[in-house]
Amino acid sequence: MSNKRNRNWQLLTLTSLFLGYVGYYICRSNLAVATPLILKEYGGVGITKIQIGTVASVGVMLYAIGKLFNGYLADFLGGRLMFLVGMICSIIFSVLFGLASGLTVFIIVWACNRYFQSMGWVALVKTASRWYPVKWHATVMAILSLSFLFGDAFARVYLGSLILLGEKYASFEFLANWRTVFFVAAGTLTAIAVFVYFTLKSSPNDVGLEEPEANPINVFGAEGNHAERISIKDVLKPLFASPLFWLICIMNFSLTLVRETFNFWTPTFLNEIVKFDIGEAAIGSMLFPLVGGCSTLLAGVTSDRLRGRHGRVVLPSLILLVLSLGLLATIDVAGKPVLALTLLSLVAFFLMAPYSFLSGVMAIDLGGKRGCSTVAGLVDSAGYLGAILSGHTVGMIAQYYGWKMAFGGLAGICCTAIIAGIVYWLIQERDMNLAEALSSEPEAEASDET
């Protein structure tokens, strides 16, 4: 009975975290979906791709800064509280963006929204670390990663369909307004936040159940099984001494830049180059996170079958990602929707498998229950420092040199991720072999005594 009750609570927790983070993405993808409409309305008064890219880049910068502080704060305060606070604040600033006018106000309000959105993933990681056993970590985090991938896809279809409805029918033309996009997103997240409030618990202890053990190779050792509050110095010291931590940060710098570039610019790219209508471009862009979600789930299940040897999945994916970006940078896709969507899908498939590991299962394995959200926050912060380039810089390159040059630059940057992936693979294989050897020694001694 107790085991069945535990499974039911684990399933409910998974559902709450999944739907909650889908809600976060509805209030994040709204800007990408609304960007063509904003450019259409304000293009005549000086707001270009470069300037709207600046809005996105400043938002990413605040998101990265938020990760630095909110990762440790989630370890200190607990996952459930942080998860709900981030939702409420994102609702408020989405409404304010829909009421705003002018580039300066856009920058400020969007930056505030992204800062509070940075609470979501670290709080999710903290909560998941306390609910699920090590043998399920990669699969559980792959499923939860689908929340931002399928959540992104859902947001684009959901909001893009409303725009299409407004474009086709005069009686619904108010839906083809970028302000409506933000109001609808905020209302949807409000409904999800109410559900999460009543269903999410921080720990199995809150409902009279036992917590599973943390990964034994976490940087805190046996202390990683305890989630009590400790000083920031005691959290950071073992992390900074771990080479795996720094390698994960290096990989995330490159991969988050690529991901944020495609998240933000795909609707505009499809509208300008492939000649989709604005609503069609928003819906077409959902293919990227949809394909990425399939890749993430496959990678998570595969990694658990490989007993947590993540490098065997990450390294081949990184190599194929660079090749896919190279194809997108060299092949002419103008007016060729099938070819363009195929190449975008290849990039998504080989990007999201390694990306989903970095601040998910790798963070839980490295930080245990004690520091997993700090690890996730710092790794994500390193990634979003790279992603700052995805708005203004990529927009400028696309404006003056074209999209092929932008994609080629991303391929070059990802070569650094391949190098880091090789070193990560070698170190993790060594550590896993050592851990397995040590764990088998007591069994061998017990057999000899028998």
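Me: Is Ile278 buried or exposed in this structure?
Reply: The model is a predicted one, and every value below is computed from it. Ile278 is found in helix α9, residues 278–284, and its C-alpha lies 8.0 Å from that of Thr268, although the two are ten residues apart in sequence. Its relative accessible area is 15%, and since buried means under 20%, Ile278 is buried.

Me: How is Leu62 classed, given its relative accessible area?
Reply: Leu62 lies in helix α2, and its C-alpha is 7.4 Å from that of Cys112, a residue 50 positions away in sequence. The relative accessible area of Leu62 is 23%, a value that falls between the 20% limit for buried and the 50% limit for exposed, so Leu62 counts as partly exposed.

Me: What is the volume of the largest cavity?
Reply: A search of the whole structure finds four cavities of 30 Å³ or more. The largest cavity is lined by 15 residues, with Arg28, Arg114, Glu260, Asn263 and Phe264 lying nearest its centre, and by class the lining has seven nonpolar, three polar and five charged residues. Its volume is about 150 Å³.

Me: Which helix gives the most residues to the lining of the largest cavity?
Reply: The lining of the largest cavity draws at least three residues from each of domain 1 (1–205) and domain 2 (232–437). The helices α1 (2–42), α2 (49–77), α4 (103–131), α5 (137–168) and α8 (243–272) each supply at least two of the lining residues. With five residues, the helix that gives the most is α1.

Me: Where does the second largest cavity lie with respect to domain 1 and domain 2?
Reply: The second largest cavity has a volume of about 70 Å³ and is lined by twelve residues, of which Tyr21, Trp121, Phe148, Tyr355 and Asp380 lie nearest its centre. Two or more lining residues come from each of α1, α2 and α13 (361–387), and the largest share, three residues, is that of α1. Because domain 1 (1–205) and domain 2 (232–437) both give residues to this lining, the second largest cavity lies between them.

Me: How many nonpolar residues are in the lining of the second largest cavity?
Reply: The lining of the second largest cavity is made up of twelve residues. By class, one of these is polar and four are charged, while the number that are nonpolar is seven.

Me: Which residues on the other side of α14 are exposed?
Reply: In helix α14, residues 392–401, Val394, Gly395 and Ala398 are buried. They cover an arc of only 100 degrees around the axis, which puts them on the same side of α14. The helix is followed by Gly402, whose phi is positive, near 100 degrees. On the other side of α14, the exposed residues are Tyr400 and Tyr401.

Me: How many disulfides does a search of the whole structure find?
Reply: A disulfide is a covalent bond between the sulfur atoms of two cysteines. Cys27 is buried, with a relative accessible area of 0%, and Cys249 also counts as buried, at 10% relative accessibility. For a pair to count, the two sulfur atoms must lie within 2.5 Å, and the number of disulfides that the search finds is zero.

Note on methods
Residues numbered from 1 in each chain as written. Predicted model: local features only at pLDDT ≥ 70, side-chain atom pairs only at ≥ 80, totals over all residues. Heavy atoms only, no water. 1 Å grid on protein atoms, 1.4 Å probe; cavity = no way out; pocket = protein on both sides within 12 Å on 5 of 7 lines; lining within 4 Å. Points joined across faces, edges and corners; volume = space filled by probe spheres on them. Helix = DSSP H or I, 4+ residues; strand = E, 2+ residues; numbered from the N terminus. Nonpolar A, V, L, I, M, F, W, Y, C, P; charged D, E, K, R; others polar. Domains from an automatic or database assignment. Buried < 20%, exposed > 50% of the residue type's maximum accessible area, 1.4 Å probe, protein only. Arc of directions from axis to C-beta.
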